[in-house]
Amino acid sequence: MRILVVTLGSAGDVHPFVAVALALRERGHAVRFATNPHFAPLLERLGLPLRPIGTVEDFEEAMSHPGLWRPVRGLGVVTDLALRAVHDVYCLVEEEARSDTVVVSHSLAFGARVAHDALGVPLVTLHLAPAALWSIEAPAVAPTRMGSIERWPKIAKRLCFGLMDKLVDLKLGPGINELRASVGLAPVRHIASRWWHSPQRVVGLFPDWYAAPQPDWPPQAVLTGFPLYDEQGVTGLPAHLEAFLAEAVAAGDPPVAFAPGSSNRQAHRFFAAAADACRRLRRRGVLLTRYPEQLPGQLPSGVVHAEYAPFSALLPRVAALVHHGGIGTCAQALASGRPQLVMPMGFDQPDNAARLARLGVASALPPKRFTGASVARELGTLLGSNAVAGRSAELARRFEGIDPVSRTCDLIEECGR
């Protein structure tokens with residue numbers, strides 16, 4: 001079977017698809033990976049053939065956009081990037097399609113959905129987070145001042161969702177429907193509430209204890225679990241970080257790790273608060289960013305910087321993780337059994353933060369309240385809580401003996417038969 005894996009976005013969007021692609025290749029399938037060439041070095045190390053979508057400059061422009069990490073403007077930045085790729089993704093699927101081809105697609109790879117409708121190519125949509133599955137029964141926490149609308153009367157929720165549906169159609173419809181018209185297809189509506197799900201198979205890459213299936217989800221949706229890929233095996237811990245962790249563990253003083261997102265270039269305040277919190281708590285810290293210009297000019301004693309560290313290698317050796325609420329980071333922290341402090345900014349992050357809090361393993365601070373004093377206070381409470389420690393350990397055990405990626409591959413293979 002030929003498998004074309006298509007994904008857009010940052011490392012948090014690409015890593016889960018890499019996990020699935022590698023597993024499909026292990027099963028003997030011919031796998032091609034379509035994404036932005038920013039990820040070419042990683043794919044080359046893994047031996048996954050790259051079909052480029054856009055340019056590195058496109059990726060850099062989007063990741064550097066001043067509005068990317070704002071609740072509403074950020075959605076516009078990401079959807080603009082996705083719309084620019086619609087035609088390229090369609091053409092790529094058209095080129096790759098054979099009688100035995102299956103396309104595995106990210107939610108935002110709209111061109112793959114158009115190709116399914118126009119060419120009949122089997123399509124599996126992978127949703128990374130519950131927020132991608134709209135539900136009136138259990139609404140996601142929105143990245144706006146509305147917060148959760150879960151307690152609203154059902155009629156109010158329906159009106160709200162109807163308005164959001166129309167706004168999304170106004171934003172995405174012209175670009176998608178222009179392509180559809182060019183290949184002889186009728187226009188579509190309800191793009192984010194219904195259309196972006198493959199009619200054949202939808203897979204949620206998270207477990208049901210994280211987000212219970214809802215009666216108004218697509219009937220073809222199946223949950224498999226968190227894939228947990230983080231480049232372990234091809235990217236190791238930096239030598240200085242390995243030495244730092246060894247010293248910290250030997251001293252019985254594990255550090256707190258701080259990670260605002262792999263592509264976050266607007267995290268100056270996050271890291272200033274992180275350094276200040278470590279100073280106040282007299283704790284060691286690890287600051288993770290590929291963009292060190294965001295760090296304070298002088299770090300406190302016992303606080304180090306690393307560009308990248310696989311969470312599966314780092315988190316078992318830290319006391320807690322402070323992060324932005326990306327779904328991949330949430331999953332890694334859950335698997336490690338470590339308490340979490342979340343500073344959600346946009347996208348699915350507020351919803352993920354709320355789910356972690358309901359699970360009893362995390363607390364959250366909005367960006368405006370994310371100061372050294374507040375972070376120190378929240379961390380002190382989390383690290384001193386036996387309930388949080390016990391609940392974190394309990395949820396970590398739920399990762400034992402399961403293979404979500406294998407189950408995801410089974411579902412993909414079923415679509416190609």
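The legends below describe close-up views of a predicted model.

**View 1. The salt bridge between E61 and R84 joins two helices.** Of the salt bridges in the predicted structure, which number 22 in total, this view takes the one formed by E61 with R84, whose closest N and O atoms are 3.7 Å apart. Because E61 lies in helix α3 (residues 56-63) and R84 in helix α4 (residues 73-84), the pair ties together parts that are 23 residues apart in sequence. E61 counts as partly exposed, with a relative accessibility of 48%, and R84 likewise counts as partly exposed, at 46%.

**View 2. D80 and K171 form a salt bridge between helices α4 and α7.** The closest N and O atoms of D80 and K171 are 2.7 Å apart, and the pair links distant parts of the chain, since D80 belongs to helix α4 and K171 to helix α7 (residues 154-182), 91 residues apart. D80 is partly exposed at 34% relative accessibility, and K171 is partly exposed as well, with a relative accessible area of 36%.

**View 3. Helices α4 and α7 run roughly parallel to each other.** The axes of α4 and α7 come within 10 Å and cross at roughly 5°; angles under 35 degrees count as roughly parallel, and the two helices are therefore described in that way. On the α4 side the contact is made by G76, T79, D80 and L83, and on the α7 side by K171, L172, G175 and I176. Sorted by class, the contact of α4 with α7 has 3 nonpolar, 3 polar and 2 charged residues. Among the residues that make this contact are D80 and K171, the partners in the salt bridge of the preceding view.

**View 4. R284 and D253 meet in a salt bridge between two loops.** The side chains of R284 and D253 approach to 2.9 Å, taken from N to O. R284 lies in the loop between α10 (268-281) and β9 (285-288), while D253 lies in the loop between α9 (239-250) and β8 (256-259), so the salt bridge ties together parts that are 31 residues apart in sequence. R284 is buried, with a relative accessible area of 15%, whereas D253 is partly exposed, with a relative accessible area of 22%.

**View 5. Five charged residues are linked in a network of salt bridges.** The network comprises the arginines R2, R32 and R51 together with the glutamates E95 and E96.

**View 6. The buried residue A85 sits in the loop that follows helix α4.** A85 lies in the loop between α4 and α5 (86-96), and its relative accessible area of 6% means that A85 counts as buried. Leaving aside neighbours within four places in sequence, A85 is in contact with L8 and I53. The C-alpha atoms of A85 and F311, which are 226 residues apart along the chain, are separated by 30 Å.

**View 7. S193 of helix α8 makes a polar contact with D165.** S193 lies in helix α8 (residues 191-195) and counts as buried at 17% relative accessibility. The polar contact joins the side chain of S193 to the side chain of D165 at 2.9 Å. When residues up to four places away in sequence are not counted, S193 touches W134 and D165.

**View 8. The side chain of S385 lies beside the backbone of A387.** S385 is placed in the loop between α14 (372-383) and α15 (386-397), and this serine is buried, with a relative accessible area of 18%. A polar atom of the S385 side chain lies 3.3 Å from the backbone nitrogen of A387.

**View 9. Helix α13 is largely enclosed by the rest of the structure.** Helix α13 (residues 349-359) has 11 residues, of which 9 are buried, and this is why the helix is described as largely enclosed. Its buried residues are Q349, P350, D351, N352, A353, A354, R355, L356 and L359. These buried residues pack against β11 (320-323), α12 (327-336), β12 (340-342), β13 (362-364) and α15. Just after α13, G360 takes a positive phi of about 85°.

Definitions and conventions: Residues are numbered from 1 along each chain as its sequence is written. This is a predicted model: local features need pLDDT of at least 70, side-chain atom pairs count only at pLDDT 80 or more; totals for chains, interfaces and linings use all residues. Side-chain values use heavy atoms; hydrogens and water are left out. A salt bridge is a side-chain nitrogen of Lys or Arg within 4 Å of a carboxyl oxygen of Asp or Glu. Helices (H or I, at least four residues) and strands (E, at least two) are DSSP runs, numbered from the N terminus. Buried means under 20% relative accessible area, exposed over 50%, partly exposed in between (1.4 Å probe, protein chains only). Axes are lines fitted to C-alpha atoms, for helices over the stretch in contact, and angles run from 0 to 180 degrees between N-to-C directions. Angles under 35 degrees count as roughly parallel, over 145 as roughly antiparallel, 65 to 115 as roughly perpendicular and the rest as oblique. Contact means heavy atoms within 4.5 Å. Ala, Val, Leu, Ile, Met, Phe, Trp, Tyr, Cys and Pro count as nonpolar, Asp, Glu, Lys and Arg as charged, and the others, Gly among them, as polar. A polar contact is a pair of N or O atoms within 3.5 Å; within protein, one must be able to donate a hydrogen and the other to accept it, and residues adjacent in sequence count only if both atoms are side-chain atoms.
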